[in-house]
Amino acid sequence: MDTTRVASLPAPLASALEPLRRRRATLRYSTGRVRRRYPETADELRASELFGAWWYYGVELLPGVVTEGLFPPEMPMLPRLLLRRCSVDGMSCLDLGAMEGLVPVLLRRRGAREVLAVDATYHCLGKIAAVQHYHGADFAFRNVGLMYSLDEQLGGKSFDLVNCSGLLYHVLSPLSLLASLRPLVKRGGLVVVSTNVTLDSDPVADFNAGGRMHADGNTFWFFSVTLLEYVLRYLRLRPIDCEFMPNHAWARPGYAHLRRRVDFRKESGYLSVVCRAVDEADADAWMAESLRVSPDYRALPDWRMAAAQPRSEIRYRASARAEPFNLTHAVRTGTPIMPPAQTGDSHVLTLDAAS
C-alpha cells in the first residue's frame, strides 16, 4: 500500500497510517534512506542524489569532494572551539541537534568512549549514515521528537559532556529543554550551550514576533547574555568559559542568505558558553526562595536523577579568563570571534580533521 496517498483512503485507515506517512515523507525530504552502496569515485559522488541534497554542514566525503553546507566555509563555528578544550578521551558524550554528525565524528576521533547523536526527526538519517561510512566514525543516533523529555527518553544514561548548540532559539520553551537535559549530566560534567543572544543589560528575552529579530519561522527567542547566565546558574550549570561572535560579523559578501533580516539595530550575536554541572545553584535571595517554593523547579528537572549521577573526571582547558568567571562581563570585554576562520574552526568537516 502506498502510504503517500493517505488522503484517498477511508478516514479511519488514513488516520492510522498518518504517522507512517509522515515518517516516510521526512525520510524523502532529507534523502534520508540509508544506502547499501555509496559512490566510490569523485565523479560518481558529485553526480549522486546524496551529494546534491541540502546539507547543513560542509562535509568532505571523498578527497576533494565537499558538500555545500549552509554556512560559508570561512564562518567560525564557536561550539567547535569550546569542545576542543574539553578532554573527551574515554568520556561519554551527547550531541543534541546533530544534523549530519560533524560534532559526533570529531568527538569519536578524539577518543570519546561513547557518543550519542540526537535529533528531533530522521531528517538527516541518510546523510548521517553516509558521513559515518566515509569518515569511518562509529556513533549512535536516536530520534527523540520534541526535546522536552530527554531525561525520560534517555533515562539510565549519563554523560560527561553534553553539546546543546543551536537549539534554544528553535524551541518554544528553552528552560524546559535545559531542565530535561540537566539530569543526564554527570556531577561535575560539562555542558556547552550555544545560542542567539542580545547584549541588553537587563535579564530579558526578546520573542521573534513577526520575524522582527530574524526571518526564520523556526527561530523564537533571543536571550540577553545576562538572562542566559542567570538561567544557567539557576539550573546548576556554572559558566566557566565562552566565545562570542557579533551579528555584524555577517555583514560580509556571501553572507546575505544567513542575515535574513537579522535586526542589526539591537546589539546581538551568537554565544557559545561551556558550563560545569554543580550540585547547588549559585543563588541570590530570590533564587534561593524560588528553589524552595517553586513546584516547577522541584519537578521539571529530575534532581534525584541528577544527584544520583556518578562524578565525572572530564577536564577542561580554560582560556585565560578572570576569576570568578562572569559571563556577561566576559562577553562585554572579551575579544569577539570574527571571520574568516581556518577550515578546522569552521562548519566544514574534512576527512583529516582532528578536532
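Begin the tour at the surface by selecting Leu 146, Tyr 148, Leu 172 and Phe 207, a nonpolar patch with about 420 Å² of accessible area together. Such patches join nonpolar side chains (Val, Leu, Ile, Met, Phe, Trp, Tyr) within 5 Å, from residues with over 30% relative accessible area and no salt bridge, that is, no side-chain nitrogen of Lys or Arg within 4 Å of a carboxyl oxygen of Asp or Glu; areas come from the Shrake-Rupley method with a 1.4 Å probe. The model is predicted, and local features need pLDDT of at least 70, side-chain atom pairs 80 or more, while totals for chains, interfaces and linings use all residues. Residues are numbered from 1 along each chain, and side-chain values use heavy atoms, without hydrogens and water.

Within the patch, Leu 146 is exposed at 65% relative accessible area (exposed is over 50%, buried under 20%, partly exposed in between).

Next, select Asp 160, which is buried at 2%. Its contacts (heavy atoms within 4.5 Å) beyond four places in sequence include Met 91, Lys 186 and Glu 313.

Turn then to Tyr 234 and Tyr 297, whose ring centres lie 4.7 Å apart with planes at 50°, so the pair is tilted (rings pair with centres within 6.5 Å; planes under 30 degrees apart are stacked, over 60 edge-to-face, the rest tilted). The two tyrosines are 63 residues apart in the chain. Tyr 230, Trp 286 and Trp 303 join them in one aromatic cluster.

Finally, select Arg 236: its charged end sits over the ring of Trp 303, 3.8 Å from the centre (the criterion is NZ of Lys or CZ of Arg within 6 Å of the ring centre and within 35 degrees of the ring normal).

How values were computed. Buried < 20%, exposed > 50% of the residue type's maximum accessible area, 1.4 Å probe, protein only. Patch = residues over 30% accessible without salt bridge, like charges linked within 9 Å, V, L, I, M, F, W, Y side chains within 5 Å. Phe/Tyr/Trp six-rings, centres within 6.5 Å; stacked < 30°, edge-to-face > 60°. Helix = DSSP H or I, 4+ residues; strand = E, 2+ residues; numbered from the N terminus.
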